[in-house]
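Me: I'd like to learn how to read buried residues and nonpolar cores in a model. Could you walk me through it?

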Amino acid sequence: MEAQQSSFSSLKAYLRAVADTPNRLTRRAGSVSSPFEETSRVRARSGSDMKRSLRWHDLVCFGVGGMVGAGVFVTTGRASRLYAGPAVVLSYAIAGLCALLSAFCYTEFAVDLPVAGGAFSYIRVTFGEFAAFLTGANLIVDYVLSNAAVARSFTAYLGTAIGVSPGTNWRVTISGLPKGFNEIDFVAVAVVLILTLVICYSTRESSVVNMVLTALHILFVIFVIVIGFWRGELKNFTEPADPKHPGGFFPYGAPGVFNGAAMVYLSYIGYDAVSTMAEEVKNPMKDIPIGVSGSVMLVTILYCLMAASMSMLLPYDMIDTEAPFSGAFRGKSDGWRWVSNVIGVGASFGILTSMLVSMLGQARYMCMIGRSCVVPPWFARVHPKTSTPINASAFLGTPVDMVFNPLGVPSRMDVGQVFECSLRSGSASLLMEGIAVIFITFWSLAVLTYAPDLLSGIFTAAIALFSDLNILLNLVSIGTLFVFYMVANAVIYRRYVSVGTTNPWPTLSFLYCFSLTSVVFTLVWQLVPPGKPKALMLGACTAGAFGVLLLFHYMVPQARKPEFWGVPLMPWIPSISIFLNIFLLGSLDKPSYMRFGFFSALSVLVYVLYSVHASFDAEEDGTLTQKNGETVKESTDYKDQNSKV
């Protein structure tokens, strides 16, 4: 039989493939994989296997290191000053509950499907290739853009902490370059390159480095907590500095607490990276539940204590929105100014750990996406000696976007101020960002398809097209909440639907109705003015959601029971997670949704113009199988394989 011609072998072949797009979308967009295929055939596309060398304590440290980074030093001040006041403690508790419920959903999938793909793989075995691609695209954008901003903030924060101006000593200004790209940050480049080498060399050694840095960072966090409770005053929980400002523990009421929760949720981003390391865990059934859920609970306790200590140090209306912890001591003249520098050093360690864990997670996401053939399989390669996804690690660790200052921010700024500048800047139009993304994406895919050795240099040049990379930071929260929402839906669908033997429509109808009710509740909460009509509408939405949930619970039986670990109280916990994610999404601003919609549309364009054809070719040559509405039977070999891991 004559071999199927690749869709990218020539321009004529590609145009023929594009003309056949509707048929290919029908075959591939809803095509699902099975756990057995994901852990056998799909994993084999990497060549070598990732080494199973991690235990539960490694995962806990990865989770803590990934979460307790720059986020808590940035979001706490704004959430307290502008939204929640002293009740920011409750904001962190609510956000932590939301993260924990999502962590339960992640854990069930990670135990049952111990592969490197995280949410991408979970959605792929549940809702199919297209939904998984959208999920994966959002994850990669979130990781890459947040790492770019954090890398540059490391230099500024470290310089401020030790009393050295990074602009004078560590950054080089080139007058011949356009403004916004004329400050070269060699420290940021060095940090990213070193971390890239570490994650490429060995996951085990990466874990050791992370443990050391996380331990140092936690010591600084405990120091902040102790100093806050020692030097603080209880009256600051209820009394503002200016009597004209609202007082009490809830100065802005319940809406302020929930709006604050949406803002501080950024501080919890990172635990999902732990699930991407499931393929490298010695005992997934035992280690993953402890690692994922344990790290979220530990971090929630630390965050609540940090928020309480900050609220005791200063009245909420005096808190520095840009650097709340170090700012609390910066202006003191009674010998405590040095505490600000100590906090800066601790924050620098936190930035390093969050970058390390993020880079590990994003490389494994990209490796798994490469295995699925929706991006070039070059990404899927695992090095036989290091047992790490070396191509994905090196590609996503390219530090050029950290070299040139995309904002031209003042050199002597702390991490909070750098984040603030990035969020306020509007120098680059959304259209130009989109053009740059399209150019980079397709040019990189073309190079990987025809000449992967040229990728590094071309990607380096292409990334310089961004006139404002950090403005996309507000995509991080909305993109991550969207992914968590998808995983919560997926865990319910997988429990109640067995493809080919169970009617999926009752489950899909429940998910649609519950999500719609949650959206209506959120809109009423955000848009309707306080009063009796609002209370009645919220009560009606709550009763409707509760009724739909009860009806589904008693009328639709579960199609499968988890063999090793499952989300308790199904479907209540995933449903609460769905509601909380939608509710927190409703607290974000309009520009966040505009950028999210815009870049989601770009992801769809990439899928239609490239990915669906690449996966279709893989199906034609036998690399992928088509399971779209067919029975997907999990082999007993898979269960045996899972039980022996």
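**Reading the inside of the model**

Reply: Happy to! Keep in mind that this is a predicted model. Let's begin with tyrosine 303, which lies in helix 14, residues 284-313.

Me: Is tyrosine 303 buried or exposed?

Reply: Buried means under 20% relative accessible area. Tyrosine 303 has a relative accessible area of 0%, so it counts as buried. Its C-alpha atom is separated by 7.5 Å from that of valine 72, although the two are 231 residues apart along the chain.

Me: Which residues have the most contacts inside the largest nonpolar core?

Reply: The general idea is that in soluble globular proteins, nonpolar side chains tend to be buried together. Here the largest nonpolar core has 135 residues, and those with the most contacts inside it are Tyr92, Tyr106, Tyr265, Tyr271, Tyr303 and Ile492. Helix 6 (residues 88-112) gives the largest share of this core, 16 residues. Apart from that core lies another, of six residues, among them Phe521, Val524, Leu538 and Phe583.

Me: And which residues of helix 24 are buried?

Reply: They are Lys534, Leu538, Cys541, Ala545, Leu549 and Phe552. Helix 24 has 24 residues and reaches 34 Å from its first C-alpha to its last, close to the 34 Å expected.

Me: Why is lysine 534 classed as buried?

Reply: The same kind of cut-off applies: buried means under 20%. Lysine 534 has a relative accessible area of 11%, so it is buried. Setting aside residues up to four places away in sequence, lysine 534 touches Val524, Trp525, Val528 and Pro529.

Key: Residues numbered from 1 in each chain as written. Predicted model: local features only at pLDDT ≥ 70, side-chain atom pairs only at ≥ 80, totals over all residues. Heavy atoms only, no water. Helix = DSSP H or I, 4+ residues; strand = E, 2+ residues; numbered from the N terminus. Buried < 20%, exposed > 50% of the residue type's maximum accessible area, 1.4 Å probe, protein only. Contact = heavy atoms within 4.5 Å. Expected span 1.5 Å × (residues − 1). Core = buried A, V, L, I, M, F, W, Y, C linked by side-chain atoms within 4.5 Å.
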